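This report walks a new reader through one protein model, beginning with a sheet and the elements around that sheet and ending with a pocket.

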Amino acid sequence: MAELDIGKHCQIESCHQKDFLPFVCDLCSGVFCLEHRSRESHSCPEAPVKREPQAAGGSTSYPCSFEDCKGKELLPVICPQCEKHFCLAHRHQDDHKCEKLEIPKPRMAATKELVQKIVESKEKPANKGRRGAKNSATAAKVALMKLKLHAAGDKGLPQTERTYFQVYLPKESKDSSRPMFFCSKWSVGKMVDYAASLASLKNNNNVLAAKKLRLCHPQTGEALRMDDTLLALLAHPEAPLYNGGNVILEYLDNNSTGLEDISDYVPQT
């Protein structure tokens, strides 16, 4: 009488045990013995990948999604554009090369008329135009030289990448302003963080409900976009910033677009 062929062999090559009641994986449809029936034991290729956040040492941590970064935060730091988790060092769009990073577009259209009025109010009569331009250029050079003598910043930055500003600090600060220099390749968000560190200011920009430190234009009072680069603002056709000029640092509400009165910060001439 012919032998009955009952059962099947486990598909794990190192096992190959014949089981009379084999188990079939509901994901990869493979046949396995009792020992290798779980997805983990036979390394099921169709099993979903477990993703962090994971519990580590009894507390939940949120890993940075930036490539090759192993940083973690105890609280979620989520990019509002791509909605991924990042560490504090990569929380700005340009720092984590955000897939939804927008190309900077000309802004401040709403303040164009105000800026034009400011420019026109400071224009000299035609017969004094050359002298006025020369005096302004000389004054700008003198201001820049003074800033370079006293400005604080990253001494490791090349001279060609340094941009100097007199930074007017929030009203609650003990100092009204401090000279600083920044890298021209930085974003406004990185400038804000660095200025807050130099001036020992409280920075809750990663706290959702708190007031945010914002960098504001010295003439219009408008809060600059955190993801705009300093290079773009220096070359802005309508209301540019100037190397050796002024900027204002202040705490603003989340829905605020800028300062209502800049005369409290920058002396008006």
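Two strands are said to pair when DSSP finds at least two bridges between them. In this predicted model, strand S8 is joined to S11 by four bridges, and the two strands run parallel. One such place is Phe165, which stands opposite Gly245 in S11.

**The protein as a whole**

The protein contains four helices and eleven strands, and 38% of its 269 residues count as buried. Among contacts between residues at least 6 apart in sequence, 44% join residues that are at least 24 apart.

**The sheet around S8**

S8 belongs to an open sheet of four strands, whose order is S9-S8-S11-S10 and whose pairing is mixed. Strand S9 (177-183) and S10 are found at the edges, where each has a single partner strand, so one side of each lacks a neighbour in the sheet. From one strand to the next, the twist averages 35°.

On its other side, S8 (residues 162-168) is joined to S9 by seven bridges, and these two strands run antiparallel. The table sets out bridge partners of residues in S8, including two in S9 and one in S11.

| Residue | Partner | Strand of the partner |
|---|---|---|
| Arg162 | Cys183 | S9 |
| Tyr164 | Phe181 | S9 |
| Phe165 | Gly245 | S11 |

Is S8 buried or exposed? Seven of the seven residues of S8 are buried, so this strand is largely enclosed by the rest of the structure. Its two faces are both covered, since Arg162, Tyr164, Gln166 and Tyr168 are buried on one side, while Thr163, Phe165 and Val167 are buried on the other.

**The helix on the sheet**

Helix H3 (residues 188-198) packs on the sheet, where it touches S8, S9, S10 and strand S11 (245-252), and the direction of H3 makes about 135° with that of S9. The buried residues within H3 are Val188, Gly189, Met191, Val192, Asp193, Ala195 and Ala196. An α-helix has 3.6 residues a turn, so residues three or four places apart point the same way. The buried residues of H3 pack against S8, S9, S10 and S11, and also against helix H4 (230-234). Just after H3, Ser200 takes a positive phi of about 55°.

**A buried residue in a loop**

Thr220 has its place in the loop between S10 and H4. Why does Thr220 count as buried? Its relative accessible area is 12%, and a residue is counted as buried when this value is under 20%. Although Thr220 and Leu114 are 106 residues apart along the chain, their C-alpha atoms are separated by 7.3 Å.

**The second largest pocket**

The second largest pocket of the model has a volume of about 880 Å³. It is lined by 23 residues, of which Ile78, Pro80, Asn205, Lys212 and Met226 are the closest to its centre. By kind, the lining residues divide into ten nonpolar, seven polar and six charged. Strand S10 (residues 212-216) gives the most to this lining, with three residues. S10 therefore has a part both in the pocket lining and in the sheet, where S10 stands at an edge with a single partner strand.

Notes
Residues numbered from 1 in each chain as written. Predicted model: local features only at pLDDT ≥ 70, side-chain atom pairs only at ≥ 80, totals over all residues. Heavy atoms only, no water. 1 Å grid on protein atoms, 1.4 Å probe; cavity = no way out; pocket = protein on both sides within 12 Å on 5 of 7 lines; lining within 4 Å. Points joined across faces, edges and corners; volume = space filled by probe spheres on them. Nonpolar A, V, L, I, M, F, W, Y, C, P; charged D, E, K, R; others polar. Axes fitted to C-alpha atoms, helices over the stretch in contact; angles between N-to-C directions. Contact = heavy atoms within 4.5 Å. Buried < 20%, exposed > 50% of the residue type's maximum accessible area, 1.4 Å probe, protein only.
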